[in-house]
Amino acid sequence: MAGVANTWGYGAMTNHFGDVVGNSKAIFVIGANSAAANPIGMKHFLQAKDRNNAKLIVIDPVFTRTAAKADHYLRIRTGTDVAFIYGLLHIIFKNGWEDKEFINDRVYGMDEIRKEAEHWTPEETENVTGIPAAQIIQVATLMAKTKPATVVWALGITQHSTGTSNTRILPILQLVLGNMGKKGGGCNIIRGHDNVQGSTDMCNLADSLPGYYGLAEGSWKYFAKAWGVDYEWLQKRFFAPEWMNKKGFSLSKWWQGVLQEEKTYSSSPVRALWVQGNGITSLAQQAKIKEALDKLDLLVIAEPFLNEAAVITERKDNVYILPVATQFETEGSVTATNRSAQWRSKVVDPLYESKTDHDVMFEFAKKFGFYEEYTRAMKMEVKDGVLTETKKDFNWPDDASRELARTLKTIGLGGWTPERLRAHQENWHMFDPITLEGYGPMKGQYYGLPWPSWDENHPGSPILYDAETAVNEGGMGFRNRFGLEHEGVSQLAADAVTVKGSKIKGGYPEITKDNIEKILGITLTAKEKELIGANWKVDISGIIQEKCRAAGVAPYGNARARTIVWEFPDPVPKHREPIHSPRPDLVEKYPTYADQTDNFRVDVKFISEQTAQEWAKDFPTMLVTMRVVNLSGAGMLERTSKYLSHLTPEMFANIHPDLALKYGLRDGDMMWLHAPQGTKIKVKAVHDFSVTPDRIALPYNFAGVMQGVDLSANYPDGTKPYTIGESSNTIINYGYDIITQIPEFNAGLCRIEKA
Ligand SMILES: Nc1nc2c(c(=O)[nH]1)N[C@H]1C(S)=C(S)[C@@H](COP(=O)(O)OP(=O)(O)OC[C@H]3O[C@@H](n4cnc5c(=O)[nH]c(N)nc54)[C@H](O)[C@@H]3O)O[C@H]1N2
Ligand SMILES: Nc1nc2c(c(=O)[nH]1)N[C@H]1C(S)=C(S)[C@@H](COP(=O)(O)OP(=O)(O)OC[C@H]3O[C@@H](n4cnc5c(=O)[nH]c(N)nc54)[C@H](O)[C@@H]3O)O[C@H]1N2
Ligand SMILES: [Mo]
């Protein structure tokens, strides 16, 4: 099922699962429990073990089912992955095991990383992460000597106040080892829901436009053109023009926009909430969310099940639940975790009075008077280099796919025509699962045309940044995104990195109207000069892409990967203790960030929360959340299934018997878990050896009980699922990532009390 408004995970796979099976010699799984959360992915890891004798390394605070299959299991303290990776880098640099040529030719800023790594001796890394120094040295050696190795992660890495730093330090490890752009290497970031990759590509995000175009006048003007509407008309959709380029409220902190006492930076507080594909009980700070739901003027929920947002609120009026069809009742493309498209056919027409998601949105647009503008682009096509309205009506979903292919140049969707995607669906059996290469009628294409698929003749790019493959066959360098120079150093790849088959030797900048003639060594005709867009990202005419194809050049350039993000609070990733840390001594040494004002229109507490009191004194036990194989997301889908729900008949927490004993808890006894923000949940203590006595693990897929109160009476007749329970999100500690605002689901503290 596609949870529609889904923004958590970030990053996409650079490689793909088949590539792991075929080529990886080591698989470094950090902060992912694929055995439960992605059994299909896990199967590939096990196959790689069988086929290549690949070593499986698992780094997790919990001994998970994935860890059970590992050759090396490292039990890390939550929220210390940056320190751990620096610990590995320390050893790698010290022994000269880094890939010097790769770093010299294709990376910018590695000296800064080297400097930071010097601090992270095996002893200090052990002190911070809890992983024995000998194990750190062993795994560093293994990673340095075993090529190619792939790095895999998921939500154990992102759900932290330092999530962004975590997601940066891991690719840096791969750059140091020279594993990027290589078969069997790369960063395989496993996305969560079905089509979550597609949902972020299409911009279910509060801080960008579709295709990750930035919130800036230039992007809006491009989309105005692409959608066939006036820029001024778009501007008038906003309260005032300046709101156009400001981030919206994030999914995780919309409630702060409702609650008056919390200062916001919006034109008004949030008064209405439209929920389409998010469980709400899956969000942290449930007590605040309940308050916010109670306070809204209007709550609309559009989805196939009863959403428990309607159950946790006290409100009796102005709640509307619109029945939405499932993904079996609609058709179109979705995007897999490896950037491949998949076309889906409709199995049945929408049942009863339900409507598809897009029809609900169309009705909405009609009611609010912008249906014409909303759908116009689907009636347009590029004719002789100019975008023109050529049709009276559009054909769903084909014309929607055409619009995306034509418009989203940043991620290279140019090749994703509905005809090609349908052909891939019809020819599933004609692709090699290891290489994704097609046979027979699919020869010369990779399955699902993994983006970038620059144009209608492009085969897709199964492995990102592979400079040893020609651009027109799926290769490329790193993208030139951050200017030509920084502090006097070129950001372009060295002369040694000529992308195979490219007309240009070595690095080159992204292609623009101004530089195209010089870079490609061509002369444009007067007509071409008139039609061409300012740069490759906004060139509706398609001329830049056409000329690049002829020269074997990726329009986005051939640059260096940067390790320094000069616009971030931590230009190079730094270890910072979780907001609620079990180690007061380390809070002093590695404090979190300064508090933030006006990020996604709200204030966010960091250091003031971290130092408000010595949390570890009153809340001595760490908590992490986990997935269980039979439940997903907010859990409404599976808890309405008799058989799935009965595998976990009630909410529970895994607790080590030694810790349980301390509180007099026998296996199966009930306990209260208290959180720093003053909330509590009552759950069953399940003795389990996957956790050590300093931490507990909770599933997050329950709702319907809140702080001990059973909300059964709030379910409309016939909608109560087979199982209800406390949501772990009632006690997830306050804390958000400094850049993305993902909640710190995976590093918090609690206090246990026998119930
Ligand atoms: N404590 C804790 N909390 C977490 C996490 C954690 O690890 N720990 N993980 C976080 C992560 S990564 C995620 S992605 C979220 C997931 O949590 P949610 O985003 O809430 O995901 P789901 O519960 O899968 O789906 C949301 C709703 O979409 C509805 N739905 C399904 N199909 C369709 C459809 O086709 N159309 C519409 N309109 N609706 C549909 C479902 O019925 C469901 O009620 O939870 C987050 N919350
Ligand atoms: N059955 C089932 N499958 C699912 C889902 C589901 O709800 N149920 N949800 C889907 C979704 S939306 C997503 S996003 C994916 C998520 O997929 P995963 O991220 O693989 O799932 P989790 O169980 O959250 O695993 C995260 C792991 O990280 C560990 N961890 C916690 N903190 C840290 C830390 O600081 N460092 C390290 N190294 N590890 C840490 C946890 O102990 C846990 O084992 O799963 C998807 N698949
Ligand atoms: Mo997710």
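# A walk from ligand 2 outwards

In this predicted model, an oxygen atom of ligand 2 sits 2.6 Å from an N or O atom in the side chain of Asp 60. That's a good place to start looking around, since Asp 60 is also listed among the residues that come nearest to the ligand, together with Ala 37, Gly 79, Arg 627 and Leu 631. The full set around ligand 2 counts 31 residues.

Asp 60 isn't the end of the polar story. A nitrogen atom of ligand 2 lies 2.9 Å from a backbone N or O atom of Val 628, and a polar backbone atom of Ala 36 is found 3.4 Å from a nitrogen atom of the ligand. How much of the accessible area of ligand 2 does the protein cover? On its own the ligand has 900 Å² of accessible area, and the protein covers 93% of that.

What is that shell made of? Sorted by class, there are 15 nonpolar, 13 polar and 3 charged residues around ligand 2. Two helices each put in at least two residues: H2, spanning 34-37, and H9, spanning 155-158. Zoom out a bit and the placement of the ligand makes sense: domain 1 (3-193) and domain 2 (596-754) both give residues to the shell, so ligand 2 lies between them.

Now for some backbone oddities. As a rule, most residues other than glycine have a negative phi, and most peptide bonds are trans. Where does this chain go its own way? One spot is the bond from Lys 147 to Pro 148, which is cis, with omega near -5 degrees. You'll find Pro 148 in the loop between helix H8 (133-145) and strand S5 (149-153). Another cis peptide bond joins Trp 396 and Pro 397, this time with omega about 0 degrees. Pro 397 is in a loop too, between strand S13 (386-389) and helix H19 (398-407).

Phi has its exceptions as well. Asn 53 is not a glycine, yet its phi is positive, at about 55 degrees. It belongs to the loop that runs between helix H3 (39-52) and strand S2 (55-59). Is Asn 53 buried or exposed? With a relative accessible area of 53%, Asn 53 is exposed, because the cut-off for that label is over 50%. Tyr 465, another residue other than glycine, has a positive phi near 65 degrees. Its loop lies between helix H20 (418-426) and strand S14 (485-486). At 21% relative accessibility, Tyr 465 counts as partly exposed, because buried would need a value under 20%.

Let's finish with two residues that are tucked away. Ser 219 is part of helix H12, residues 217-227, and it is buried, with a relative accessible area of 11%. A polar atom of the Ser 219 side chain lies 2.7 Å from the backbone oxygen of Gly 214. Setting aside neighbours within four places in sequence, Ser 219 is in contact with Gly 214, Tyr 213 and Leu 209.

Asn 654 is in strand S20, residues 652-655. Its relative accessibility is 8%, so Asn 654 counts as buried. What is it in contact with, leaving aside neighbours within four places in sequence? For Asn 654 the partners are Met 626, Val 686, Asp 688, Ser 690, Val 691, Ile 696 and Ala 697.

Methods
Residues numbered from 1 in each chain as written. Chains lettered and ligands numbered in written order. Predicted model: local features only at pLDDT ≥ 70, side-chain atom pairs only at ≥ 80, totals over all residues. Heavy atoms only, no water. Near = heavy atom within 4 Å. Polar contact = N/O pair within 3.5 Å; in protein donor to acceptor, adjacent residues only side chain to side chain. Areas by Shrake-Rupley, 256 points an atom, 1.4 Å probe, with all protein chains shown as cover. Helix = DSSP H or I, 4+ residues; strand = E, 2+ residues; numbered from the N terminus. Nonpolar A, V, L, I, M, F, W, Y, C, P; charged D, E, K, R; others polar. Domains from an automatic or database assignment. Buried < 20%, exposed > 50% of the residue type's maximum accessible area, 1.4 Å probe, protein only. Contact = heavy atoms within 4.5 Å.
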